[in-house]
Amino acid sequence: MVKDTKFYDILGVDPSASDAQLRSAYKKGALKYHPDKNPNNPEAAETFKEMSKAYEVLSDSQKRSVYDQLGEEGLEGGGGAGGMGAEDLFAQFFGGGGGGFGGMFGGGMRDQGPKKARTIHHVHKVNLEDIYRGKVSKLALQKSVICSTCDGRGGKEGAVKSCTGCNGSGMKTMMRQMGPMIQRFQTVCPDCNGEGENIREKDRCRNCHGKKTVVERKVLHVHVDRGVKNGHKIEFRGEGDQLPGVMPGDVVFEIEQKPHPRFQRKDDDLFYHAEIDLLTALAGGTINIEHLDERWLSVTIAPGEVITPGVIKVIKGQGMPSFRHHDHGNLYIQFDVKFPEKDELKNLELLEQVLPPRAETNKAPADAMVEDFELEEVDSNERSQARAHGAAGMDEDDDDVPPGAERVQCASQ
């Protein structure tokens, strides 16, 4: 039976919550109530501290057991004893002492944290034209930098004192007798709130208010190379957040290719759908394709080179440039043939002079009884059923799929 449910209520979980549920609840709450995301909301800052204190206790099985049996009074020190301060706890989840929100805690990565500040990740969306030609993008970001006014001390020179209560470690060792046993555990130092140092309010830096870092806007020139692939990462070492006593973090931009209205891409190949009329399909002609670099490709269909619906042709070397190479992929063109409407047809008898004669299929025997019929239009419901049955039958034999058709299908999915 849990004596006190206060810490569970703060995190919004049941006293029977698992470690994973506790971790998830704290992570969501910390992101929502972090002081740097709510600079003008002291209630949010207080909520963040309470959530950190609650998780510091409940995430440690030994402290959680003491709290469940004796309540908050049994923990002593008032700090919640989780083995790390709120800033280090935040760094454990998000990779760097709060730097992503302006460096709220400053000294939280002094001894226990990583030796390098967190990496800033961004997605850079680029259209296909810019990938084809290459470009340089100017992208602005906000990052934490060490305060130049106090050189990252947080206050006047000589005003920052190491905490005597914990000898600058931010943690204190506590002991409590439980029956015949003496329990020993660590808790956040209540004298410095786990920071390991103290700064009098009047001595705090007026620029960073004791945070040791300030937020700065930085413009980076991101070089998008020709033919770069979707998901490619461009890294800027040392251009990320700064924190006192650790190496600056990195910035990573991930390339995301935008959908294109005319072309589809697969690796270095491009795929294009071209609709032509029946006359061009039978007697030849010219189609024009606007490429990604504002060139127009004039494609000739030779007379007599019959283009059937769905056929795929290729123009070699007119695909995407290969990333960091000097060759190009191919441009595949799939043709759709647009047949004329019946009111557009004239002089049909002339077709019999230029087209091969009609093929007689399934000719009825001479003694068979024959009935005459005419075709009628199909309504929408009947058309859907007919297409469904037709599609089911098409999958039975795909040996006649033209070369490259599978690649077009993959690109359109």
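**Exercise 1. Place Asp336 in the predicted model and decide whether this residue is buried, partly exposed or exposed.**

Solution. Start with the secondary structure: Asp336 belongs to strand S15, which covers residues 331-338. Next, take its relative accessibility, which is 35%. Buried means under 20% and exposed means over 50%, so Asp336 counts as partly exposed.

**Exercise 2. Find which residues Asp336 touches, leaving out those up to four places away in sequence.**

Solution. Look for the contacts of Asp336 first: they are His273, Ala274, Glu275 and Ile276. Now pick His273 and check the backbone. The C-alpha atoms of Asp336 and His273 are 7.3 Å apart, while 63 residues separate the pair along the chain. For the wider picture, turn to contacts in the protein chain between residues at least 6 apart in sequence: 67% of them join residues at least 24 apart.

**Exercise 3. Locate Glu371 and say which surface patch it helps to form.**

Solution. Begin with the chain: Glu371 sits in the loop that runs between helix H8 (351-354) and helix H9 (380-394). Then check accessibility: the relative accessible area of Glu371 is 58%, so this residue is exposed. Finally, gather the patch members. Glu371, Asp372, Glu374 and Glu376 form a negative surface patch.

**Exercise 4. Summarise the protein chain: how many helices and strands are there, and what share of residues is buried?**

Solution. Count the elements and you reach 10 helices and 15 strands. Of the 413 residues, 38% are buried. To finish, consider the surface: the chain exposes about 25,700 Å², with carbon and sulfur atoms supplying 48% of that area.

Notes. Residues are numbered from 1 along each chain as its sequence is written. This is a predicted model: local features need pLDDT of at least 70, side-chain atom pairs count only at pLDDT 80 or more; totals for chains, interfaces and linings use all residues. Side-chain values use heavy atoms; hydrogens and water are left out. Patches are made of residues with over 30% relative accessible area and no salt bridge: like charges are joined within 9 Å, nonpolar side chains (Val, Leu, Ile, Met, Phe, Trp, Tyr) within 5 Å. Accessible areas come from the Shrake-Rupley method with a 1.4 Å probe; for residues, only the protein chains shown count as cover. A salt bridge is a side-chain nitrogen of Lys or Arg within 4 Å of a carboxyl oxygen of Asp or Glu. Lys and Arg count as positive and Asp and Glu as negative; His and the chain ends are not counted. The place of a charge is taken as NZ of Lys, CZ of Arg, CG of Asp or CD of Glu. Helices (H or I, at least four residues) and strands (E, at least two) are DSSP runs, numbered from the N terminus. Buried means under 20% relative accessible area, exposed over 50%, partly exposed in between (1.4 Å probe, protein chains only). Contact means heavy atoms within 4.5 Å.
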